[in-house]
Amino acid sequence: MMTTTKRMTVTTLRRMKEQKEPIAMVTAYDAPSAVFAEAGGADVLLVGDSVGMVVLGYDSTVPVTIDEMLHHTKAVTRKSRRALVVTDLPFLTAHLQKEEVLKAAGRLLQEGGAQAVKVEGGHAVIPGIEACVAAGIPVMGHIGLTPQSVNQLGGYRIQGKNIKEARRLLEEAQALEAAGVFALVLECVPEELAIRISRELTIPTIGIGAGRGCDGQVLVYHDLLGYGDGRVPSFVKQYASIGEAARTGIGSYVKDVKAGHFPTEKHTFRMDAAVAEGLYGGKAFDGSDI
């Protein structure tokens, strides 16, 4: 198993596929999540536009802007030391003219400090991907369930269940590899299709709801830690219950405040007795009225 303190690169990920070492990717949206994810050994940190739903309170990823992605990318890269940091290009960006795609992707690397961008979509976004790759910007692809297209897809549904859809996704995967993506996220596709795509491609595949045959896996930070609103996709395995711990802790704090049990002498700063005496008109402060 590869263990290194050097920054992960796109070359490292390709080598991991060749050596059959699974890639572990986790979303991160701020400095603490970057610290915890790297401490846990994550190979890749994805500053996903899922930040819109799990952090910013949007109903989908569609409203997320490039400025919001930059804000969160900067927070992650300030603390990231080892993982490859990949940031999503937000809704519609990859469908713009090549110059606009390059401008947005360039900002995420130059201003945000990311090492790569992720682009959702198939054939329609290839011109923008090719422009980025030609300019030296590493691009991760993303097909299957693409949340930015959720309105067109008719909701969060499994993709590639019939032979026509499966063949389309396989063709898109091959086209994206030819366009130069260094890895490909497969979201909510049947395991059999994910295995076929993973075997056909020389680049790593990273699954989310795509079964056991991908070269790596990715989960949303809040989902895997139980730190959200309680709605978790069926393909998620929760490894902690931070949300429950937070509710319990805050509840205990509120009860202590209401009952006058917090703060105590232990949590209080005091001034010199002579200063306090002057403050109270020459009388010694005894705190009896607390």
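Is Phe262 buried, exposed or partly exposed? Phe262 comes out as partly exposed, at a relative accessible area of 35%. Keep in mind that this is a predicted model. Below is a quick look at the aromatic pairs, then at Tyr29.

**Aromatic pairs**

- The count here is two aromatic pairs.
- Tyr253 and Phe262 make up one of them: the ring centres sit 6.1 Å apart with the planes at 70 degrees, so this pair is edge-to-face.
- Phe262's partner, Tyr253, is partly exposed too, with a relative accessible area of 48%.
- Tyr280 pairs with Phe285, and because their planes are at 40 degrees, with ring centres 5.1 Å apart, that pair is tilted.
- Tyr280 is partly exposed at 45% relative accessibility, and Phe285 is partly exposed as well, with a relative accessible area of 31%.

**Tyr29: where it sits**

- You'll find Tyr29 in the loop between β1 (23-27) and α2 (31-39).
- Tyr29 has just 2% relative accessibility, so it counts as buried, the cut-off being under 20%.
- Leu170 is 141 residues away from Tyr29 along the chain, and their C-alpha atoms are 31 Å apart.

**Tyr29: what it touches**

- Setting aside neighbours within four places in sequence, Tyr29 is in contact with Gly48, Ser50, Val51, Val54, Val55, His72, Ala75, Val76, Val220 and His222.
- Ser50 also shows up in a polar contact, side chain to side chain with Tyr29, at 2.6 Å.
- The Tyr29 side chain makes another polar contact with the side chain of Thr27, at 3.1 Å.

Methods
Residues numbered from 1 in each chain as written. Predicted model: local features only at pLDDT ≥ 70, side-chain atom pairs only at ≥ 80, totals over all residues. Heavy atoms only, no water. Phe/Tyr/Trp six-rings, centres within 6.5 Å; stacked < 30°, edge-to-face > 60°. Buried < 20%, exposed > 50% of the residue type's maximum accessible area, 1.4 Å probe, protein only. Helix = DSSP H or I, 4+ residues; strand = E, 2+ residues; numbered from the N terminus. Contact = heavy atoms within 4.5 Å. Polar contact = N/O pair within 3.5 Å; in protein donor to acceptor, adjacent residues only side chain to side chain.
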